[in-house]
Structures are given as C-alpha cells and as structure tokens.
Amino acid sequence: GPLVIYNSDYTYSKQFTPENIDKGKWYFDNDKKAIVHLLYYTKPYDFASRDLISRGHAKKDKNGEYYEIIIDYVVYLSDQKLILLERQERQRTFKKVVN
C-alpha cells in the first residue's frame, strides 16, 4: 500500500509511487470515528481532476482551490497501530514510524 504520513499540522501525504503523491488536509471526526481527508487537486489540473470538478464531485475552498473529501473509518487504534476501513470496504493496517 501507499506510504501515508499524517502531520501534526493536519496535513497529510499519501505516496503511491515517487511520482504519484496525494496531498491535502485531514481532521478526525469524533462522532463518526473517522479520518476525513481533504485531497487537494494539483494545478494544472489533469484530465481526471477536471472531470471530477465538472461533475460536481469536487468542492471549492475559500481560496478557489478544489479538493475531494475522502472518509476512512477507524476500526482499531493504538499507540503503534491503526486499522482503517477505506473505500470499497478495504481494510488497511498502518504502523507508526518515528523518524
């Protein structure tokens, strides 16, 4: 799976390959027990981003930047391990790495 980094300033990155990295903001929704990702599209927008924007799938922030909302539900959380329920009912397990 991707290398995911959640930063203390509520930004995150999800690296699939060295060239394919999603970036955005995140917050924890306590009521839903979920991590809400605001995946920001990179300018210039590629075909997929333009299509999602035109179909109304993307939201626009106060600065005019477009982003997609992705919600992952927390199945398990400890000091060292996080299990998320992602899209299409996939479960992904993460372990804490300290640099």
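**Reasons behind the labels: burial, pairing and salt bridges**

Colleague: Why is Ser 13 called buried?

Modeller: Ser 13 has a relative accessibility of 17%. The word buried applies under 20%, so Ser 13 counts as buried. Please bear in mind that this is a predicted model.

Colleague: Where is Ser 13 found, and with which residues is it in contact?

Modeller: Ser 13 belongs to strand S2. Leaving aside neighbours within four places in sequence, Ser 13 is in contact with Leu 3, Val 4, Ile 5, Ile 21, Asp 22 and Lys 23.

Colleague: What makes S1 and S2 a pair of strands?

Modeller: Pairing requires at least two bridges between two strands. Four bridges join S1, residues 3-6, to S2, residues 11-15, and therefore the requirement is met. The two strands run antiparallel, and Val 4 stands opposite Lys 14 in S2. Four residues lie between the strands in this hairpin, where Tyr 10 takes a positive phi near 65°.

Colleague: How do you know that S2 also pairs with S3?

Modeller: The cut-off is again at least two bridges. Five bridges join S2 to S3, residues 21-29, and these strands run antiparallel. One of the partnerships is that of Gln 15 with Ile 21 in S3. S2 and S3 form a hairpin with five residues between them.

Colleague: Why is Tyr 12 described as buried?

Modeller: The relative accessible area of Tyr 12 is 5%. Buried means under 20%, so the description holds for Tyr 12. Tyr 12 lies in strand S2. Not counting residues up to four places away in sequence, Tyr 12 touches several residues, among them Ile 5, Asp 22, Trp 26 and His 37. The C-alpha atoms of Tyr 12 and His 37 are separated by 8.2 Å, although the two residues are 25 residues apart along the chain.

Colleague: What makes the meeting of Glu 86 and Arg 92 a salt bridge?

Modeller: The side chains of Glu 86 and Arg 92 meet at 2.9 Å, N to O. A salt bridge needs a side-chain nitrogen of Lys or Arg within 4 Å of a carboxyl oxygen of Asp or Glu, so this pair qualifies. Glu 86, Arg 90 and Arg 92 are linked in a network of salt bridges.

Colleague: Are Glu 86 and Arg 92 buried or exposed, and why?

Modeller: Glu 86 is buried, with a relative accessible area of 8%, which falls under 20%. Arg 92, at 22%, is partly exposed, because that term covers values between the 20% and 50% limits. Glu 86 is placed in the loop between strand S7 (81-85) and strand S8 (91-95).

Colleague: How do you know that Arg 87 and Glu 68 form a salt bridge?

Modeller: The N to O distance between their side chains is 2.7 Å, and the limit is within 4 Å. The pair links distant parts of the chain, with Arg 87 in the loop between S7 and S8 and Glu 68 in strand S6, 19 residues apart. Arg 87 is partly exposed at 39%, whereas Glu 68 counts as buried at 8%.

Colleague: Why is Arg 55 called exposed, and what is the term for Asp 51?

Modeller: Exposed means over 50%. Arg 55 has a relative accessible area of 58% and is therefore exposed. Asp 51, at 29%, is partly exposed. The side chains of Arg 55 and Asp 51 meet in a salt bridge at 3.0 Å, N to O.

Colleague: How many salt bridges does the structure hold?

Modeller: The structure holds five salt bridges.

Definitions and conventions: Residues are numbered from 1 along each chain as its sequence is written. This is a predicted model: local features need pLDDT of at least 70, side-chain atom pairs count only at pLDDT 80 or more; totals for chains, interfaces and linings use all residues. Side-chain values use heavy atoms; hydrogens and water are left out. Buried means under 20% relative accessible area, exposed over 50%, partly exposed in between (1.4 Å probe, protein chains only). Contact means heavy atoms within 4.5 Å.
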